[in-house]
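The questions below ask why certain words are used for parts of this model. Each answer sets a value against a cut-off and concludes.

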Amino acid sequence: MRASNLESVVAKLKKGGLGMGLLYLTYYCSIAAWSPFFNIYLRQIGQTGLQIGVLSSVRPLTMLFSQPLWGLAADVWGRRRTLLLAASASAILVLGFALGRGFGFFLAWNVVLALFLNPIIPLNDSLTLDYLEDKPHLSYGKIRWWGAAGWGLAAL
């Protein structure tokens, strides 16, 4: 394929919002592959129901105070750069759960992971809405659908 043809294909994909859709697809694929099985994993390694409940509450609790801080970070560094930082750190940090077995470790690690995982969707939504401002042929729903497809694919 010649360079001009490749550029034309890339331009058409961008015009259709594929890049933004792929962000949703990959995020929801990764969450669907990890999230539903995390509690099962915790149970298999000996965590009690109470401990699993506490660990499951970490993400919503950290969201209360971390979201305003991530909003400030996005204002200072830019939303794209902040999203890249949060997504990259989350992808690395989730692997750390393989390092420990105790409740204390999981609690601390879960707090750190939640701090980086929480801003991903709001930042992605914000970037998507900015992207759509001058594209009347696209809608948020058409792009956000890729997230549902990602969850569905990974859930299989």
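Q: Where is Thr128 placed, and why is Thr128 called buried or exposed?
A: In this predicted model, Thr128 sits in helix α6, residues 120–132. Its relative accessible area is 0%, and buried means under 20%, so Thr128 is called buried.

Q: What does Thr128 touch, not counting residues up to four places away in sequence?
A: Thr128 touches Met20, Tyr24, Tyr140 and Ile143. A contact requires heavy atoms within 4.5 Å.

Q: Where is Gln47 found, and what makes Gln47 count as buried?
A: Gln47 is found in the loop between α2 (18–44) and α3 (49–77). Its relative accessible area of 5% falls under the 20% limit, so Gln47 counts as buried.

Q: Which backbone oxygen lies 3.0 Å from a polar atom of the side chain of Gln47?
A: It is the backbone oxygen of Arg101. Polar contacts are cut off at 3.5 Å, so the 3.0 Å between Arg101 and Gln47 is within the limit. Leaving aside neighbours within four places in sequence, Gln47 is also in contact with residues including Leu42, Ile52, Gly102, Phe103 and Phe106.

Q: Where is Gly102 placed, and why is Gly102 called partly exposed?
A: Gly102 belongs to the loop between α4 and α5. Partly exposed covers values between the buried limit of 20% and the exposed limit of 50%, and Gly102 has 36%, so the term applies. The C-alpha atoms of Gly102 and Leu42 are separated by 9.8 Å, with their positions 60 residues apart along the chain.

Q: How do you know that Asn110 is buried, and which residues does Asn110 touch?
A: Asn110, in helix α5, has a relative accessible area of 8%; this is under 20%, so Asn110 is buried. Not counting residues up to four places away in sequence, Asn110 touches Leu55, Val58 and Phe97. Its C-alpha atom is separated by 8.8 Å from that of Ser56, which is 54 residues apart from Asn110 along the chain.

Q: How many aromatic pairs does a search of the whole structure find, and why is the pair of Trp70 and Phe116 called edge-to-face?
A: The search finds 11 aromatic pairs. Trp70 and Phe116 are 5.7 Å apart, centre to centre, with 65° between the planes. Pairing needs centres within 6.5 Å and edge-to-face needs planes over 60 degrees apart, so the values 5.7 Å and 65° satisfy both conditions.

Q: What makes the pair of Trp70 and Phe116 one that ties together parts apart in sequence?
A: Trp70 lies in helix α3 and Phe116 in helix α5 (residues 103–117), so the pair ties together parts that are 46 residues apart in sequence. Trp70 is buried at 10% relative accessible area, whereas Phe116 is partly exposed at 23%. A separate list of aromatic residues, Trp34, Phe38, Tyr41, Phe97, Phe105, Phe106 and Trp109, forms one aromatic cluster.

Q: How many salt bridges does the structure hold, and why is the pair of Arg79 and Asp130 called a salt bridge?
A: The structure holds 2 salt bridges. Arg79 and Asp130 have a distance of 2.0 Å, N to O. The cut-off is 4 Å, so this pair qualifies. Arg79 lies in helix α4 (residues 79–93) and Asp130 in helix α6, so the pair ties together parts that are 51 residues apart in sequence. Arg79, at 34% relative accessibility, and Asp130, at 30%, each count as partly exposed.

Q: What makes Lys135 and Asp134 a salt bridge, and is Lys135 buried or exposed?
A: Their side chains meet at 2.9 Å, N to O, and the limit is 4 Å, so the pair is a salt bridge. Lys135 has a relative accessible area of 17%, under 20%, and is therefore buried. Asp134 has 59%, over 50%, and is therefore exposed.

Q: Which residues form a nonpolar patch on the surface?
A: Leu61, Leu64, Phe65, Leu69 and Leu72 form the patch, with about 570 Å² of accessible area together. Leu61 is placed in helix α3.

Q: What is the secondary structure of the chain, and how much of the chain is buried?
A: The chain comes to 7 helices and 0 strands. Buried residues make up 33% of its 156 residues.

Terms used: Residues numbered from 1 in each chain as written. Predicted model: local features only at pLDDT ≥ 70, side-chain atom pairs only at ≥ 80, totals over all residues. Heavy atoms only, no water. Helix = DSSP H or I, 4+ residues; strand = E, 2+ residues; numbered from the N terminus. Buried < 20%, exposed > 50% of the residue type's maximum accessible area, 1.4 Å probe, protein only. Polar contact = N/O pair within 3.5 Å; in protein donor to acceptor, adjacent residues only side chain to side chain. Patch = residues over 30% accessible without salt bridge, like charges linked within 9 Å, V, L, I, M, F, W, Y side chains within 5 Å. Areas by Shrake-Rupley, 256 points an atom, 1.4 Å probe, with all protein chains shown as cover. Phe/Tyr/Trp six-rings, centres within 6.5 Å; stacked < 30°, edge-to-face > 60°.
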